[in-house]
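Trainee: I am new to this structure. Please pick a single part of it and take me through that part closely, with enough of the whole to place it.

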Amino acid sequence: MSSMAAFSPFLSPNSFTPLSGTAKHTDYHSSSSCLSRLLQQHLCKTTTTSTSNNSKKREFPAASVAASSSISFPYQPPINVDYLEQEFSGHGVVFKAIGDSCVAKMELDNGSKAIMMLPSGLITSYKASMWHGGTVELLQSSVSESEENGVGGAAAAIAIQGGVSLAFDCSSEVGQQVPWSPTNWALHQITGNPQDHIEVELISTDSEDMIEIKYIITLKQDVLISEIVVSNSTSSSLQLTGSILSHLTVSSPDATYAIGLERSDFFTRLPILSSFGIIPPDFGMKNEAQISKLWQQMAGWGPNNQNDGKQADTNQRGNNEEEMEGEEDDNYKHLREQMSRIYTSAPTDFTIIDRGRRNSVVVGRDGFDELYMFSPGSSHEDYGKYAYICVGQSAVLKPIIVRPNESWRGGQRLYNPNL
């Protein structure tokens, strides 16, 4: 156990319970207040704890949690919000306990806001300031409720999906190391101020403290940046596979276009499955057997299951007679059709335009060579749960290699051009 364990704000090492079973209710949100209300409806009690005074910033490890940002019963002790408020105050971040989880609310003086959940690191909301003086939500998140059978009978559980999340695996280049996924994040430091920018740094390490990943979220007046820094202290090279996934809310894919992808090479792939991904249950399926097979693959999915997903992807590619690769021929690509692609030569910046909401987002990447693009299609309800476009800065077709005693850095930018 790390020597810094005494400084952890988490009161229990018990894991959260991921969503399983059959969902009996699903809702989605386009505002942070809606998300908070939905979560609070499922809370039966709240526990408040205190901690000793200590103004010195410290790094601390986090408790072990499951990959999805779920809340389950029986009730688990929450994160010590008092500790976080005391240690990381003064930078424009406010912490609030919601069940056995916690949200960190970042807000700048110009009105731009972002909400991140701990310890999952899931960014559920990014409200960008607009030219008219108001704000517009740019991310799509959903809250799902299910019934779980545990000790003492059925238990209520909810899972939060969508937003901006990480889905990565680290493994040895020579296959000697069991893959490790950063799903449990400790808050390391917060810098900046509400007048200029706010930077939140999270850390996750493997069980031997030989692989460290920093997740840095930066909120500026006109951009939300998500970066990861992978440091390898092992004696062999690491393979990093996965993606930064962002669910951008739109009125409907039928009114949404991608600008700037013309002449980019792409591969058609199965959707990237992760604990936080929102995928219609019938996506790309032509019969009930195929739908059942996809949901079996998705059940219990987490970053550690990516190898299974890749194998399923390979099997589908072998059985699918449709064209699996090509070159984008449209610089104003309509996203109304179902699609799941990985672009291998896309520009580092391109634009998503939603004509229904009269809004646009410039998506940029650094360090990654691949762009993942997913559209659920326009057959769903406008402004509904599946009214989004998922983009990802990815290393799926070609893993990123991090050599011994070296580091690698990559990230994504969601730029708001509407100020």
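Mentor: Start with the outside: the protein chain exposes about 18100 Å², and carbon and sulfur atoms supply 45% of that area (Shrake-Rupley method, 1.4 Å probe; for residues, only the protein chains shown count as cover). The model is predicted, so local features need pLDDT of at least 70 and side-chain atom pairs count only at pLDDT 80 or more, while totals for chains, interfaces and linings use all residues. Residues are numbered from 1 along each chain as its sequence is written, and side-chain values use heavy atoms, leaving out hydrogens and water.

Of the 419 residues in the protein chain, 55% are buried (under 20% relative accessible area; exposed is over 50%, partly exposed in between). The chain has four helices and 25 strands (DSSP runs numbered from the N terminus: helices H or I, at least four residues; strands E, at least two).

The part to look at is around strand 18 (325-327). Met324 sits in the loop between helix 4 (306-319) and strand 18. Met324 counts as buried because its relative accessibility is 13%. From Met324 to Arg341 is 17 residues in sequence, and 9.1 Å in space from C-alpha to C-alpha.

Asp329 lies in the loop between strand 18 and strand 19 (332-334). Asp329 has a relative accessible area of 66%, so Asp329 is exposed. Together with Glu262, Asp265, Glu325 and Glu327, Asp329 forms a negative surface patch.

Methods. Buried < 20%, exposed > 50% of the residue type's maximum accessible area, 1.4 Å probe, protein only. Patch = residues over 30% accessible without salt bridge, like charges linked within 9 Å, V, L, I, M, F, W, Y side chains within 5 Å. Salt bridge = Lys/Arg side-chain N within 4 Å of Asp/Glu carboxyl O. Lys, Arg positive; Asp, Glu negative; His and termini not counted. Charge placed at Lys NZ, Arg CZ, Asp CG, Glu CD.
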